[in-house]
Amino acid sequence: LESAERESFDLAAVVRGCVEGYRGAYPGREFATDIPARPVPMAGVPDAIAQLLDKLAENALDFAPPGSAIRVTLSADDRVARLCVANEGPPIPAEVLPRLFDAMVSARGEGQGRGGHLGLGLAIVRLVALHHGGGARAVNLPDGRGVLFEVELARA
């Protein structure tokens, strides 16, 4: 990331493009979106943002029960863009939440996910968010029926 050249880009267009790709790659899954129709100008590394969203989508797909939607939302004000991915599924254990974005940490139980999991995806999410002047967090939904991942990115 440090050597990647920063550029101006439309975050809304990047998020829309990624979600369209997920819809094609996972035709049996619903991706519900709330993405502004207007551009969300950013400065940074759009490919890294796409990778960040890929990691969050893959994570949501691993934990969401079949037939449930993955929700992707983007909002922005003058200083911060907020990208959220939410899914139904098991809550994250309280003891794991504070370390969830550390490398080699996973909330997966035996047999969960697609296999070959190294516990690096959310660490990558955190690194990309930090590189863009923001951060990442995960919270269990209040009703206990899923998880919300929120990434904040500083606007340029």
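Is F149 buried or exposed? I looked this up before anything else. F149 comes out at 4% relative accessibility, so I count F149 as buried. I note that the model is a predicted one.

**Overall layout**

I counted three helices and seven strands in the chain. I read their order along the sequence as β-α-β-β-α-β-β-α-β-β. I then checked burial for the whole chain: 41% of its 156 residues count as buried. I also looked at contacts between residues at least 6 apart in sequence, and 67% of these join residues at least 24 apart.

**Aromatic pairs**

I searched for paired rings and found two aromatic pairs in the structure. I describe such a pair by the distance of the ring centres and the angle of the planes.

I took Y22 and F31 as one entry; this pair is tilted, with 5.6 Å centre to centre and 40 degrees between the planes. I checked both residues for burial, and Y22 and F31 are each buried.

I entered F101 and F149 as an edge-to-face pair, at 6.2 Å centre to centre and 75 degrees between the planes. I located F101 in the loop between β5 (80–88) and α3 (121–131), and F149 in strand β7 (residues 146–154), so this pair ties together parts that are 48 residues apart in sequence. I put F101 down as buried because its relative accessibility is 9%.

**The nonpolar core**

I asked which residues touch the most other members of the largest nonpolar core. I found L11, V15, L74 and F149 in that position, in a core of 42 residues. I listed the elements that each supply at least two residues of this core: α1 (11–25), α2 (46–63), β4 (69–76), β5, α3 and β7. I noted α2 as the element that gives the most, with nine residues.

I followed L11 further. Leaving out residues up to four places away in sequence, I have L11 touching V40, M42, I49, L74, A81 and L153.

**Strand pairing around β7**

I looked at the partners of β7 next. I found β5 and β7 paired in the antiparallel sense over nine bridges. Within β7, I see E152 standing opposite R82.

I also found strand β6 (residues 135–140) paired with β7, again in the antiparallel sense, over six bridges. I looked up the bridge partner of A138 in β7, and F149 is that partner. I noted five residues between the strands in the hairpin of β6 and β7, where G144 takes a positive phi near 75 degrees.

**Helix α3**

Which residues of α3 are buried? I listed L122, A123, V125, V128, A129 and H131. I then checked what these buried residues pack against, and the answer is α2, β6 and β7.

I placed L127 in helix α3 as well. I call L127 partly exposed because its relative accessible area is 46%. I took one C-alpha distance from L127: D102, 25 residues apart from L127 along the chain, is separated from it by 9.8 Å.

Just after α3, I found G133 with a positive phi of about 70 degrees.

**H132**

Where is H132 found? I placed H132 in the loop between α3 and β6. I count H132 as buried because its relative accessibility is 2%.

I looked for a polar partner of the H132 side chain. I found that the backbone nitrogen of V45 lies 3.0 Å from a polar atom of that side chain. I then listed the contacts of H132, not counting residues up to four places away in sequence: R6, A43, G44, V45, A48, I49, L153 and A154. I see L153 in this list and also among the residues that L11 touches. I can say the same of I49, which touches H132 and also touches L11.

**Cysteines**

How many disulfides does the structure hold? I found zero. I recall that a disulfide is a covalent bond between the sulfur atoms of two cysteines.

I checked two cysteines for burial. I count C18 as buried because its relative accessibility is 12%. I count C84 as buried too, because its relative accessible area is 10%.

Methods
Residues numbered from 1 in each chain as written. Predicted model: local features only at pLDDT ≥ 70, side-chain atom pairs only at ≥ 80, totals over all residues. Heavy atoms only, no water. Phe/Tyr/Trp six-rings, centres within 6.5 Å; stacked < 30°, edge-to-face > 60°. Buried < 20%, exposed > 50% of the residue type's maximum accessible area, 1.4 Å probe, protein only. Helix = DSSP H or I, 4+ residues; strand = E, 2+ residues; numbered from the N terminus. Disulfide = S-S within 2.5 Å. Core = buried A, V, L, I, M, F, W, Y, C linked by side-chain atoms within 4.5 Å. Contact = heavy atoms within 4.5 Å. Pairing = 2+ DSSP bridges. Polar contact = N/O pair within 3.5 Å; in protein donor to acceptor, adjacent residues only side chain to side chain.
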